[in-house]
Amino acid sequence: MRDVEAQRERAAAARRARRLRPARSDDLGLRRGVAGKLLPFLVAAMAFLASLALAGAIAAAGFSREWQQGPAAALTIQVPDPSAKATDAPQSRLDRVVALLRGSPGIAHVRALSHAEIQKLLQPWLGSGATDGLALPAVVAVRERDGGPALGVITAELRAAAPGTLVDSHGDWTRRIATLAHSIQALAWAMLALVMGVATAVVAIATRAGLVQRRDAVLLVHGLGATDGDIARRFAARATRLAFLGGLGGVVAALPVLGLLAALAAPIAGGIADPTAWMPTLPRGLWLGLAAIPVVCAGIGFATAQVTVRAWLRPLP
Amino acid sequence: MGMSAVVVRLEAVALEVGAQRVLRDISLAIPRGGFRWLLGPSGAGKTSLLRLLHLEARPSEGRMELLGRDIGAAPRAALPQLRRRIGMVFQDFRLLPHLSAFDNVALPLRLAGRPEGQVQADVGEMLAWVGLRARTHCHPAELSGGEQQRVAIARAVINRPDLLLADEPTGNLDDTQAQRLMLLLRELSRLGTTIVVATHNDVIVARHPAPALRLATGRLVSADA
Ligand SMILES: Nc1ncnc2c1ncn2[C@@H]1O[C@H](COP(=O)(O)OP(=O)(O)O)[C@@H](O)[C@H]1O
Ligand SMILES: [Mg+2]
(Lines give C-alpha, C1' and ligand atoms only; values in the text may rest on other atoms or scores of the structure.)
(Ligands and ions follow the chains in the order given, each with its own letter.)
Protein backbone atom coordinates (compact mmCIF):
# COMPACT_ATOMS: atom_id res chain seq x y z
CA MET A 1 0.00 0.00 0.00
CA ARG A 2 2.55 2.51 1.17
CA ASP A 3 4.88 1.53 -1.66
CA VAL A 4 2.21 2.24 -4.26
CA GLU A 5 1.48 5.55 -2.63
CA ALA A 6 5.12 6.51 -2.45
CA GLN A 7 5.58 5.53 -6.07
CA ARG A 8 2.63 7.63 -7.13
CA GLU A 9 3.95 10.55 -5.08
CA ARG A 10 7.37 10.23 -6.71
CA ALA A 11 5.85 10.12 -10.17
CA ALA A 12 3.82 13.24 -9.44
CA ALA A 13 6.93 14.99 -8.13
CA ALA A 14 8.82 14.03 -11.27
CA ARG A 15 6.00 15.34 -13.43
CA ARG A 16 6.01 18.58 -11.50
CA ALA A 17 9.74 18.92 -11.92
CA ARG A 18 9.70 18.17 -15.63
CA ARG A 19 7.43 21.08 -16.30
CA LEU A 20 9.55 24.03 -17.21
CA ARG A 21 9.83 25.97 -14.00
CA PRO A 22 9.23 29.68 -14.18
CA ALA A 23 12.32 31.66 -13.28
CA ARG A 24 10.51 33.14 -10.31
CA SER A 25 9.70 29.92 -8.54
CA ASP A 26 8.26 29.68 -5.07
CA ASP A 27 11.61 29.17 -3.30
CA LEU A 28 10.38 30.71 -0.10
CA GLY A 29 7.22 28.60 -0.01
CA LEU A 30 5.03 31.68 -0.06
CA ARG A 31 2.11 29.80 -1.55
CA ARG A 32 1.81 27.67 1.56
CA GLY A 33 1.17 30.37 4.16
CA VAL A 34 -1.97 30.47 6.29
CA ALA A 35 -1.79 34.25 6.69
CA GLY A 36 -1.73 34.55 2.91
CA LYS A 37 -4.99 32.64 2.54
CA LEU A 38 -6.78 35.03 4.88
CA LEU A 39 -5.39 38.20 3.32
CA PRO A 40 -7.71 38.49 0.28
CA PHE A 41 -10.80 38.13 2.47
CA LEU A 42 -9.66 40.81 4.90
CA VAL A 43 -8.78 43.13 2.04
CA ALA A 44 -12.14 42.35 0.41
CA ALA A 45 -13.93 43.43 3.58
CA MET A 46 -11.93 46.67 3.57
CA ALA A 47 -12.66 47.25 -0.13
CA PHE A 48 -16.37 46.66 0.52
CA LEU A 49 -16.38 49.34 3.21
CA ALA A 50 -14.28 51.62 1.03
CA SER A 51 -16.82 51.27 -1.79
CA LEU A 52 -19.64 52.35 0.53
CA ALA A 53 -17.59 55.24 1.91
CA LEU A 54 -16.69 56.38 -1.58
CA ALA A 55 -20.33 56.22 -2.65
CA GLY A 56 -21.25 58.23 0.44
CA ALA A 57 -18.65 60.87 -0.31
CA ILE A 58 -19.68 61.22 -3.93
CA ALA A 59 -23.41 61.22 -3.19
CA ALA A 60 -22.97 63.85 -0.47
CA ALA A 61 -20.94 65.98 -2.85
CA GLY A 62 -23.73 65.66 -5.42
CA PHE A 63 -26.46 66.67 -2.96
CA SER A 64 -24.43 69.55 -1.74
CA ARG A 65 -23.84 70.83 -5.25
CA GLU A 66 -27.51 70.43 -6.08
CA TRP A 67 -28.64 72.44 -3.06
CA GLN A 68 -26.09 75.17 -3.36
CA GLN A 69 -26.12 75.80 -7.07
CA GLY A 70 -29.42 74.40 -8.30
CA PRO A 71 -32.62 76.44 -8.50
CA ALA A 72 -33.37 75.55 -4.90
CA ALA A 73 -30.38 77.58 -3.80
CA ALA A 74 -31.83 80.94 -4.91
CA LEU A 75 -33.13 83.15 -2.11
CA THR A 76 -35.86 85.67 -2.49
CA ILE A 77 -36.28 88.96 -0.69
CA GLN A 78 -39.63 90.76 -0.77
CA VAL A 79 -39.75 94.53 -0.58
CA PRO A 80 -43.31 95.87 -0.05
CA ASP A 81 -44.13 99.30 -1.44
CA PRO A 82 -40.94 99.28 -3.53
CA SER A 83 -41.12 102.74 -5.07
CA ALA A 84 -41.54 104.63 -1.78
CA LYS A 85 -38.48 106.45 -0.45
CA ALA A 86 -36.03 104.58 1.68
CA THR A 87 -35.57 105.80 5.23
CA ASP A 88 -31.80 106.22 5.13
CA ALA A 89 -30.97 107.36 1.58
CA PRO A 90 -32.44 109.40 -1.26
CA GLN A 91 -33.42 106.26 -3.24
CA SER A 92 -36.50 104.15 -3.66
CA ARG A 93 -36.82 101.32 -1.15
CA LEU A 94 -36.19 98.71 -3.86
CA ASP A 95 -33.10 100.46 -5.24
CA ARG A 96 -31.79 100.89 -1.68
CA VAL A 97 -32.28 97.18 -0.87
CA VAL A 98 -30.57 96.13 -4.10
CA ALA A 99 -27.67 98.53 -3.41
CA LEU A 100 -27.23 97.20 0.14
CA LEU A 101 -27.27 93.61 -1.14
CA ARG A 102 -24.75 94.42 -3.89
CA GLY A 103 -22.45 95.92 -1.28
CA SER A 104 -22.61 92.84 0.96
CA PRO A 105 -19.63 90.45 0.76
CA GLY A 106 -21.85 87.40 1.47
CA ILE A 107 -23.91 87.87 -1.70
CA ALA A 108 -22.74 86.56 -5.05
CA HIS A 109 -25.56 87.65 -7.27
CA VAL A 110 -28.51 90.05 -6.98
CA ARG A 111 -31.35 90.52 -9.44
CA ALA A 112 -34.65 92.31 -9.08
CA LEU A 113 -37.43 90.34 -10.78
CA SER A 114 -39.55 92.15 -13.36
CA HIS A 115 -43.22 92.72 -12.88
CA ALA A 116 -44.00 89.96 -15.38
CA GLU A 117 -41.82 87.48 -13.54
CA ILE A 118 -43.53 88.25 -10.28
CA GLN A 119 -46.90 87.75 -11.83
CA LYS A 120 -45.73 84.43 -13.20
CA LEU A 121 -44.50 83.40 -9.77
CA LEU A 122 -47.83 84.24 -8.19
CA GLN A 123 -50.01 82.83 -10.91
CA PRO A 124 -50.21 79.28 -9.56
CA TRP A 125 -51.42 80.65 -6.25
CA LEU A 126 -53.69 83.48 -7.29
CA GLY A 127 -54.76 82.69 -10.84
CA SER A 128 -54.11 84.78 -13.94
CA GLY A 129 -55.25 88.38 -13.84
CA ALA A 130 -55.89 88.14 -10.11
CA THR A 131 -52.93 90.36 -9.40
CA ASP A 132 -54.25 93.24 -11.43
CA GLY A 133 -54.57 96.26 -9.18
CA LEU A 134 -52.84 94.56 -6.23
CA ALA A 135 -49.97 96.45 -4.68
CA LEU A 136 -47.39 93.76 -5.28
CA PRO A 137 -44.10 93.77 -3.42
CA ALA A 138 -40.89 93.80 -5.41
CA VAL A 139 -38.97 90.50 -5.36
CA VAL A 140 -35.20 90.33 -5.41
CA ALA A 141 -33.50 87.03 -6.25
CA VAL A 142 -30.24 86.56 -4.44
CA ARG A 143 -27.53 83.92 -4.57
CA GLU A 144 -25.28 83.61 -1.55
CA ARG A 145 -21.57 83.28 -1.84
CA ASP A 146 -20.02 80.05 -0.49
CA GLY A 147 -18.44 80.69 2.87
CA GLY A 148 -19.41 84.39 2.93
CA PRO A 149 -21.00 86.00 5.99
CA ALA A 150 -24.55 84.85 6.57
CA LEU A 151 -27.39 86.79 5.08
CA GLY A 152 -28.73 87.30 8.60
CA VAL A 153 -26.11 89.97 9.20
CA ILE A 154 -27.50 92.24 6.54
CA THR A 155 -31.17 91.53 7.24
CA ALA A 156 -31.31 94.14 10.02
CA GLU A 157 -29.81 96.77 7.70
CA LEU A 158 -32.37 95.96 5.00
CA ARG A 159 -35.20 96.28 7.49
CA ALA A 160 -33.94 99.62 8.69
CA ALA A 161 -33.68 101.00 5.14
CA ALA A 162 -36.99 99.54 4.00
CA PRO A 163 -39.20 98.49 6.93
CA GLY A 164 -41.34 95.49 6.14
CA THR A 165 -38.73 93.76 3.95
CA LEU A 166 -38.96 89.96 4.19
CA VAL A 167 -35.96 87.70 3.79
CA ASP A 168 -37.08 84.26 2.75
CA SER A 169 -35.68 81.95 5.39
CA HIS A 170 -34.90 78.92 3.24
CA GLY A 171 -31.31 80.15 3.07
CA ASP A 172 -30.97 78.64 6.52
CA TRP A 173 -32.21 75.38 5.10
CA THR A 174 -29.76 75.24 2.24
CA ARG A 175 -27.02 76.14 4.64
CA ARG A 176 -27.99 73.35 6.99
CA ILE A 177 -28.25 70.85 4.19
CA ALA A 178 -24.91 71.99 2.82
CA THR A 179 -23.35 71.59 6.26
CA LEU A 180 -24.90 68.16 6.61
CA ALA A 181 -23.64 67.16 3.17
CA HIS A 182 -20.18 68.46 3.99
CA SER A 183 -20.15 66.54 7.26
CA ILE A 184 -21.22 63.35 5.52
CA GLN A 185 -18.55 63.94 2.92
CA ALA A 186 -15.84 64.56 5.52
CA LEU A 187 -16.98 61.50 7.43
CA ALA A 188 -16.86 59.39 4.27
CA TRP A 189 -13.34 60.55 3.43
CA ALA A 190 -12.25 59.90 7.02
CA MET A 191 -13.75 56.43 6.80
CA LEU A 192 -11.96 55.84 3.52
CA ALA A 193 -8.66 56.90 5.11
CA LEU A 194 -9.36 54.68 8.11
CA VAL A 195 -10.16 51.71 5.90
CA MET A 196 -6.93 52.24 3.95
CA GLY A 197 -5.03 52.42 7.23
CA VAL A 198 -6.58 49.16 8.41
CA ALA A 199 -5.83 47.53 5.04
CA THR A 200 -2.21 48.62 5.38
CA ALA A 201 -2.06 47.16 8.87
CA VAL A 202 -3.63 43.91 7.66
CA VAL A 203 -1.05 43.53 4.90
CA ALA A 204 1.79 44.42 7.29
CA ILE A 205 0.64 41.85 9.85
CA ALA A 206 0.16 39.16 7.22
CA THR A 207 3.60 39.89 5.76
CA ARG A 208 5.27 39.75 9.17
CA ALA A 209 3.48 36.49 9.93
CA GLY A 210 4.74 35.17 6.61
CA LEU A 211 8.29 36.24 7.41
CA VAL A 212 8.21 34.65 10.85
CA GLN A 213 6.69 31.47 9.46
CA ARG A 214 9.46 31.24 6.83
CA ARG A 215 12.22 32.65 8.99
CA ASP A 216 14.65 29.80 8.26
CA ALA A 217 14.05 29.94 4.53
CA VAL A 218 14.43 33.72 4.43
CA LEU A 219 17.64 33.60 6.46
CA LEU A 220 19.03 30.86 4.25
CA VAL A 221 18.22 32.70 1.03
CA HIS A 222 19.75 35.84 2.57
CA GLY A 223 22.87 33.79 3.34
CA LEU A 224 23.00 32.54 -0.23
CA GLY A 225 23.30 36.14 -1.40
CA ALA A 226 19.73 37.26 -1.98
CA THR A 227 19.44 41.04 -1.67
CA ASP A 228 16.75 42.67 0.47
CA GLY A 229 15.18 43.68 -2.83
CA ASP A 230 15.09 40.05 -4.06
CA ILE A 231 13.32 38.88 -0.93
CA ALA A 232 11.01 41.90 -0.68
CA ARG A 233 10.03 41.50 -4.34
CA ARG A 234 8.78 37.97 -3.77
CA PHE A 235 6.67 38.89 -0.78
CA ALA A 236 5.45 42.06 -2.51
CA ALA A 237 4.47 40.27 -5.72
CA ARG A 238 2.28 37.92 -3.74
CA ALA A 239 0.81 40.65 -1.52
CA THR A 240 0.05 42.76 -4.61
CA ARG A 241 -1.80 39.93 -6.29
CA LEU A 242 -3.77 38.91 -3.21
CA ALA A 243 -4.67 42.51 -2.32
CA PHE A 244 -5.82 43.17 -5.89
CA LEU A 245 -8.05 40.10 -5.89
CA GLY A 246 -9.39 41.01 -2.47
CA GLY A 247 -10.09 44.57 -3.60
CA LEU A 248 -11.88 43.33 -6.70
CA GLY A 249 -13.98 40.93 -4.63
CA GLY A 250 -14.94 43.66 -2.17
CA VAL A 251 -16.03 46.06 -4.91
CA VAL A 252 -18.05 43.38 -6.70
CA ALA A 253 -19.74 42.49 -3.43
CA ALA A 254 -20.58 46.17 -2.85
CA LEU A 255 -22.21 46.70 -6.29
CA PRO A 256 -25.67 45.27 -5.45
CA VAL A 257 -25.76 47.29 -2.24
CA LEU A 258 -24.79 50.47 -4.07
CA GLY A 259 -27.38 49.74 -6.76
CA LEU A 260 -30.08 49.43 -4.15
CA LEU A 261 -29.04 52.65 -2.43
CA ALA A 262 -28.88 54.46 -5.77
CA ALA A 263 -32.38 53.29 -6.63
CA LEU A 264 -33.66 54.48 -3.25
CA ALA A 265 -31.92 57.84 -3.57
CA ALA A 266 -32.90 58.47 -7.19
CA PRO A 267 -36.07 60.51 -6.48
CA ILE A 268 -34.16 62.76 -4.05
CA ALA A 269 -31.16 63.13 -6.28
CA GLY A 270 -33.39 64.04 -9.19
CA GLY A 271 -32.18 61.14 -11.29
CA ILE A 272 -33.96 58.12 -12.63
CA ALA A 273 -33.04 54.61 -11.62
CA ASP A 274 -34.29 51.37 -12.97
CA PRO A 275 -34.14 48.95 -10.06
CA THR A 276 -34.41 46.01 -12.44
CA ALA A 277 -31.32 47.02 -14.42
CA TRP A 278 -28.55 44.43 -14.37
CA MET A 279 -25.89 47.00 -13.58
CA PRO A 280 -26.81 49.70 -11.11
CA THR A 281 -27.10 53.27 -12.35
CA LEU A 282 -24.28 55.03 -10.54
CA PRO A 283 -22.58 58.37 -11.10
CA ARG A 284 -19.64 58.29 -13.45
CA GLY A 285 -17.28 59.50 -10.75
CA LEU A 286 -18.31 56.60 -8.54
CA TRP A 287 -17.63 54.07 -11.30
CA LEU A 288 -14.15 55.50 -11.73
CA GLY A 289 -13.60 55.46 -7.97
CA LEU A 290 -14.80 51.87 -7.68
CA ALA A 291 -12.51 50.82 -10.52
CA ALA A 292 -9.63 52.48 -8.68
CA ILE A 293 -10.22 50.57 -5.43
CA PRO A 294 -8.63 47.24 -6.49
CA VAL A 295 -5.71 49.19 -7.95
CA VAL A 296 -5.27 51.13 -4.71
CA CYS A 297 -5.49 47.83 -2.78
CA ALA A 298 -2.78 46.37 -4.99
CA GLY A 299 -0.66 49.47 -4.38
CA ILE A 300 -1.14 49.20 -0.64
CA GLY A 301 -0.24 45.49 -0.80
CA PHE A 302 2.92 46.16 -2.79
CA ALA A 303 4.18 49.14 -0.79
CA THR A 304 3.36 47.67 2.60
CA ALA A 305 4.98 44.31 1.85
CA GLN A 306 8.09 46.03 0.49
CA VAL A 307 8.46 48.27 3.52
CA THR A 308 7.68 45.47 6.00
CA VAL A 309 10.13 42.97 4.50
CA ARG A 310 12.93 45.51 4.14
CA ALA A 311 12.45 46.68 7.73
CA TRP A 312 12.55 43.07 8.92
CA LEU A 313 15.74 42.34 6.99
CA ARG A 314 17.59 45.52 7.94
CA PRO A 315 19.01 44.24 11.25
CA LEU A 316 20.66 41.33 9.41
CA PRO A 317 24.29 41.89 8.41
CA MET B 1 39.08 39.55 -6.18
CA GLY B 2 41.21 41.89 -8.19
CA MET B 3 44.95 41.55 -7.95
CA SER B 4 44.90 40.34 -4.39
CA ALA B 5 46.06 36.74 -4.01
CA VAL B 6 44.83 36.63 -0.43
CA VAL B 7 41.18 35.60 -0.23
CA VAL B 8 40.80 35.68 3.55
CA ARG B 9 42.70 38.04 5.82
CA LEU B 10 41.83 38.56 9.47
CA GLU B 11 43.74 40.95 11.72
CA ALA B 12 43.07 40.86 15.46
CA VAL B 13 39.43 39.99 14.84
CA ALA B 14 37.02 39.49 17.73
CA LEU B 15 33.37 38.40 17.61
CA GLU B 16 30.82 38.97 20.30
CA VAL B 17 27.51 37.13 20.39
CA GLY B 18 25.34 39.00 22.84
CA ALA B 19 27.61 39.72 25.78
CA GLN B 20 29.78 36.66 25.14
CA ARG B 21 33.07 37.01 23.34
CA VAL B 22 33.16 33.85 21.22
CA LEU B 23 36.26 34.75 19.15
CA ARG B 24 39.19 36.94 20.17
CA ASP B 25 42.36 38.20 18.57
CA ILE B 26 42.18 36.05 15.45
CA SER B 27 44.78 36.84 12.79
CA LEU B 28 45.18 34.69 9.73
CA ALA B 29 45.58 34.79 5.97
CA ILE B 30 44.58 32.23 3.36
CA PRO B 31 45.72 32.57 -0.26
CA ARG B 32 43.63 31.85 -3.34
CA GLY B 33 43.25 28.10 -3.78
CA GLY B 34 44.44 27.45 -0.22
CA PHE B 35 42.99 24.59 1.82
CA ARG B 36 42.75 24.80 5.63
CA TRP B 37 41.48 22.39 8.22
CA LEU B 38 39.70 24.20 11.03
CA LEU B 39 40.27 22.15 14.18
CA GLY B 40 39.48 22.41 17.89
CA PRO B 41 37.26 20.91 20.56
CA SER B 42 33.55 21.43 20.63
CA GLY B 43 32.72 25.00 21.67
CA ALA B 44 36.12 26.31 20.54
CA GLY B 45 34.50 28.68 18.05
CA LYS B 46 34.83 26.86 14.72
CA THR B 47 31.24 27.48 13.68
CA SER B 48 31.50 31.09 14.83
CA LEU B 49 34.58 31.66 12.68
CA LEU B 50 32.83 30.13 9.66
CA ARG B 51 29.79 32.35 10.30
CA LEU B 52 32.10 35.34 10.23
CA LEU B 53 33.70 34.19 6.96
CA HIS B 54 30.23 33.58 5.50
CA LEU B 55 29.28 37.19 6.37
CA GLU B 56 26.52 36.08 8.71
CA ALA B 57 28.10 38.42 11.24
CA ARG B 58 30.56 41.27 11.10
CA PRO B 59 33.60 41.38 13.36
CA SER B 60 33.06 43.24 16.63
CA GLU B 61 36.71 44.24 16.54
CA GLY B 62 39.66 44.04 14.18
CA ARG B 63 39.89 44.02 10.44
CA MET B 64 38.50 41.41 8.07
CA GLU B 65 39.24 41.33 4.38
CA LEU B 66 37.34 38.87 2.21
CA LEU B 67 37.69 38.37 -1.53
CA GLY B 68 39.57 41.65 -1.70
CA ARG B 69 36.93 43.67 0.16
CA ASP B 70 37.46 45.34 3.54
CA ILE B 71 34.32 44.05 5.25
CA GLY B 72 34.37 46.66 8.00
CA ALA B 73 34.19 49.43 5.41
CA ALA B 74 31.86 47.70 2.94
CA PRO B 75 28.28 48.97 2.86
CA ARG B 76 25.59 46.46 3.72
CA ALA B 77 24.38 46.51 0.12
CA ALA B 78 27.75 45.16 -1.05
CA LEU B 79 27.52 41.98 1.02
CA PRO B 80 24.97 39.95 -1.03
CA GLN B 81 27.25 40.08 -4.05
CA LEU B 82 30.12 38.74 -1.91
CA ARG B 83 27.94 36.02 -0.36
CA ARG B 84 27.14 34.69 -3.81
CA ARG B 85 30.84 33.96 -4.21
CA ILE B 86 30.98 32.05 -0.94
CA GLY B 87 29.65 28.50 -0.59
CA MET B 88 28.70 27.18 2.83
CA VAL B 89 27.96 23.64 4.01
CA PHE B 90 26.11 24.11 7.29
CA GLN B 91 26.57 21.64 10.10
CA ASP B 92 22.78 21.28 10.24
CA PHE B 93 22.45 21.32 6.40
CA ARG B 94 19.68 23.98 6.34
CA LEU B 95 17.86 22.51 3.38
CA LEU B 96 14.49 24.07 2.63
CA PRO B 97 11.94 21.41 3.60
CA HIS B 98 9.34 22.41 0.99
CA LEU B 99 11.75 22.09 -1.92
CA SER B 100 13.02 18.93 -3.62
CA ALA B 101 16.71 18.04 -3.58
CA PHE B 102 16.87 19.44 -7.10
CA ASP B 103 15.36 22.79 -6.17
CA ASN B 104 17.49 23.09 -3.05
CA VAL B 105 20.65 22.64 -5.09
CA ALA B 106 19.31 25.00 -7.76
CA LEU B 107 18.77 27.86 -5.30
CA PRO B 108 22.14 29.65 -5.77
CA LEU B 109 21.89 29.41 -9.56
CA ARG B 110 18.35 30.77 -9.61
CA LEU B 111 19.31 33.57 -7.25
CA ALA B 112 22.09 34.48 -9.65
CA GLY B 113 19.51 34.55 -12.43
CA ARG B 114 21.01 31.73 -14.50
CA PRO B 115 18.90 30.56 -17.45
CA GLU B 116 16.68 27.61 -16.55
CA GLY B 117 18.29 25.37 -19.17
CA GLN B 118 21.68 25.81 -17.55
CA VAL B 119 20.15 25.25 -14.11
CA GLN B 120 18.66 21.93 -15.24
CA ALA B 121 21.93 20.75 -16.72
CA ASP B 122 24.22 21.87 -13.89
CA VAL B 123 22.02 20.62 -11.06
CA GLY B 124 21.45 17.28 -12.77
CA GLU B 125 25.17 16.80 -13.22
CA MET B 126 25.96 17.85 -9.66
CA LEU B 127 23.35 15.54 -8.13
CA ALA B 128 24.70 12.68 -10.23
CA TRP B 129 28.19 13.46 -8.99
CA VAL B 130 27.17 13.27 -5.34
CA GLY B 131 25.31 10.03 -6.09
CA LEU B 132 21.80 11.38 -5.70
CA ARG B 133 20.48 11.16 -9.25
CA ALA B 134 17.73 8.77 -8.15
CA ARG B 135 16.76 11.07 -5.28
CA THR B 136 16.48 14.23 -7.42
CA HIS B 137 12.83 14.88 -6.67
CA CYS B 138 12.77 13.78 -3.05
CA HIS B 139 12.16 16.30 -0.32
CA PRO B 140 14.66 16.55 2.55
CA ALA B 141 12.32 14.70 4.92
CA GLU B 142 12.54 11.66 2.61
CA LEU B 143 16.35 11.67 2.62
CA SER B 144 18.77 10.09 5.08
CA GLY B 145 21.21 12.26 7.04
CA GLY B 146 24.05 11.40 4.66
CA GLU B 147 21.91 12.16 1.62
CA GLN B 148 20.87 15.50 3.08
CA GLN B 149 24.51 16.31 3.75
CA ARG B 150 25.39 15.55 0.15
CA VAL B 151 22.57 17.83 -1.04
CA ALA B 152 23.97 20.56 1.20
CA ILE B 153 27.43 20.01 -0.28
CA ALA B 154 26.04 20.09 -3.83
CA ARG B 155 24.26 23.38 -3.07
CA ALA B 156 27.45 24.90 -1.66
CA VAL B 157 29.61 24.10 -4.69
CA ILE B 158 27.08 24.36 -7.56
CA ASN B 159 27.98 28.00 -8.12
CA ARG B 160 31.76 27.40 -8.34
CA PRO B 161 32.37 29.63 -5.29
CA ASP B 162 35.67 31.45 -4.78
CA LEU B 163 35.53 30.58 -1.09
CA LEU B 164 34.05 27.34 0.22
CA LEU B 165 33.30 26.87 3.91
CA ALA B 166 32.24 23.54 5.36
CA ASP B 167 31.17 22.84 8.93
CA GLU B 168 31.69 19.16 9.84
CA PRO B 169 30.77 18.11 6.29
CA THR B 170 31.61 14.45 6.86
CA GLY B 171 29.63 14.07 10.09
CA ASN B 172 26.93 11.98 8.42
CA LEU B 173 28.95 10.44 5.61
CA ASP B 174 30.36 6.92 5.46
CA ASP B 175 34.01 6.39 4.66
CA THR B 176 33.60 6.08 0.91
CA GLN B 177 31.44 9.18 0.69
CA ALA B 178 33.90 11.12 2.86
CA GLN B 179 36.69 10.08 0.51
CA ARG B 180 34.64 11.25 -2.48
CA LEU B 181 34.02 14.57 -0.78
CA MET B 182 37.74 15.03 -0.15
CA LEU B 183 38.46 14.32 -3.81
CA LEU B 184 35.92 16.97 -4.81
CA LEU B 185 37.40 19.51 -2.40
CA ARG B 186 40.91 18.82 -3.61
CA GLU B 187 39.82 19.28 -7.20
CA LEU B 188 38.04 22.57 -6.39
CA SER B 189 41.12 23.77 -4.51
CA ARG B 190 43.28 22.92 -7.50
CA LEU B 191 40.91 24.97 -9.69
CA GLY B 192 41.41 27.98 -7.40
CA THR B 193 38.67 27.73 -4.76
CA THR B 194 39.82 28.66 -1.27
CA ILE B 195 38.53 26.10 1.21
CA VAL B 196 38.09 25.99 4.99
CA VAL B 197 36.77 22.77 6.51
CA ALA B 198 35.90 22.50 10.20
CA THR B 199 36.02 18.93 11.41
CA HIS B 200 36.28 16.52 14.34
CA ASN B 201 37.24 13.67 12.10
CA ASP B 202 40.91 12.95 12.97
CA VAL B 203 41.06 9.99 10.59
CA ILE B 204 40.26 12.08 7.57
CA VAL B 205 42.63 14.87 8.69
CA ALA B 206 45.40 12.34 9.02
CA ARG B 207 44.62 10.89 5.61
CA HIS B 208 44.56 14.31 3.95
CA PRO B 209 47.38 16.34 5.42
CA ALA B 210 46.91 20.09 4.95
CA PRO B 211 47.64 23.24 6.94
CA ALA B 212 45.36 23.59 9.97
CA LEU B 213 43.89 26.44 12.00
CA ARG B 214 43.54 25.29 15.60
CA LEU B 215 41.05 27.03 17.85
CA ALA B 216 40.64 26.75 21.61
CA THR B 217 38.16 28.83 23.63
CA GLY B 218 37.83 31.39 20.87
CA ARG B 219 41.57 31.88 20.30
CA LEU B 220 43.73 30.73 17.44
CA VAL B 221 46.32 28.56 19.18
CA SER B 222 48.21 27.61 16.05
CA ALA B 223 48.03 28.31 12.35
CA ASP B 224 50.17 26.36 9.90
CA ALA B 225 51.51 28.53 7.13
N1 LIG C 1 24.11 32.04 18.82
C2 LIG C 1 24.85 31.86 19.94
N3 LIG C 1 24.36 32.26 21.11
C4 LIG C 1 25.08 32.10 22.24
N5 LIG C 1 26.28 31.55 22.27
C6 LIG C 1 26.81 31.12 21.14
C7 LIG C 1 26.13 31.24 19.90
N8 LIG C 1 26.90 30.74 18.94
C9 LIG C 1 28.00 30.31 19.55
N10 LIG C 1 27.96 30.52 20.86
C11 LIG C 1 29.01 30.21 21.83
O12 LIG C 1 30.22 30.44 21.22
C13 LIG C 1 31.15 29.45 21.55
C14 LIG C 1 31.70 28.81 20.31
O15 LIG C 1 30.67 28.10 19.68
P16 LIG C 1 30.88 27.43 18.25
O17 LIG C 1 31.43 28.45 17.36
O18 LIG C 1 29.58 26.81 17.88
O19 LIG C 1 31.95 26.33 18.53
P20 LIG C 1 32.30 25.01 17.72
O21 LIG C 1 31.68 25.11 16.39
O22 LIG C 1 33.77 24.99 17.68
O23 LIG C 1 31.75 23.87 18.51
C24 LIG C 1 30.44 28.47 22.45
O25 LIG C 1 30.80 28.79 23.78
C26 LIG C 1 28.98 28.75 22.21
O27 LIG C 1 28.29 28.52 23.39
MG1 LIG D 1 30.25 23.88 15.43
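Q: Ala, Val, Leu, Ile, Met, Phe, Trp, Tyr, Cys and Pro count as nonpolar, Asp, Glu, Lys and Arg as charged, and the others, Gly among them, as polar; how do the residues of the shell around ligand 1 divide?
A: The shell has 4 nonpolar, 6 polar and 1 charged. This is a predicted model, where local features need pLDDT of at least 70 and side-chain atom pairs pLDDT 80 or more, while totals for chains, interfaces and linings use all residues. Residues are numbered from 1 along each chain, chains are lettered from A and ligands numbered from 1 in the order written, and side-chain values use heavy atoms, without hydrogens and water.

Q: What makes a residue part of the surroundings of ligand 1?
A: One of its heavy atoms must lie within 4 Å of the ligand. Among the residues around ligand 1 are Val17(B), Gln20(B), Pro41(B), Gly45(B), Lys46(B) and Thr47(B).

Q: Why is the approach of Thr47(B) to ligand 1 called a polar contact?
A: An N or O atom in the side chain of Thr47(B) is 2.7 Å from an oxygen atom of ligand 1, and a polar contact is a pair of N or O atoms within 3.5 Å, so the pair qualifies. Backbone N or O atoms pass this test too: that of Lys46(B) lies 2.8 Å from a ligand oxygen, and that of Gly45(B) lies 3.0 Å from one.

Q: Which element gives the most to the shell around ligand 1?
A: That is H1(B), with 3 residues. Helices (H or I, at least four residues) and strands (E, at least two) are DSSP runs, numbered from the N terminus.

Q: Why is Arg175(A) called partly exposed?
A: Arg175(A) sits in helix H6 (residues 170-213) of chain A. Its relative accessible area is 33%; buried means under 20% and exposed over 50% (1.4 Å probe, protein chains only), so a value in between is partly exposed.

Q: What makes a space in this protein a cavity, and how many of 30 Å³ or more are there?
A: On a 1 Å grid over the protein atoms alone, a cavity is a set of points where a 1.4 Å probe fits but cannot get out. The structure holds 4 of 30 Å³ or more. The second largest has a volume of about 110 Å³, counted as the space filled by probe spheres set on the points.

Q: Which residues lie nearest the centre of the second largest cavity?
A: Of its 14 lining residues, Leu224(A), Ile86(B), Gly87(B), Pro108(B) and Arg155(B) do. E6(B) gives the largest share of this lining, 3 residues.

Definitions and conventions:
Polar contact = N/O pair within 3.5 Å; in protein donor to acceptor, adjacent residues only side chain to side chain. Nonpolar A, V, L, I, M, F, W, Y, C, P; charged D, E, K, R; others polar. 1 Å grid on protein atoms, 1.4 Å probe; cavity = no way out; pocket = protein on both sides within 12 Å on 5 of 7 lines; lining within 4 Å.
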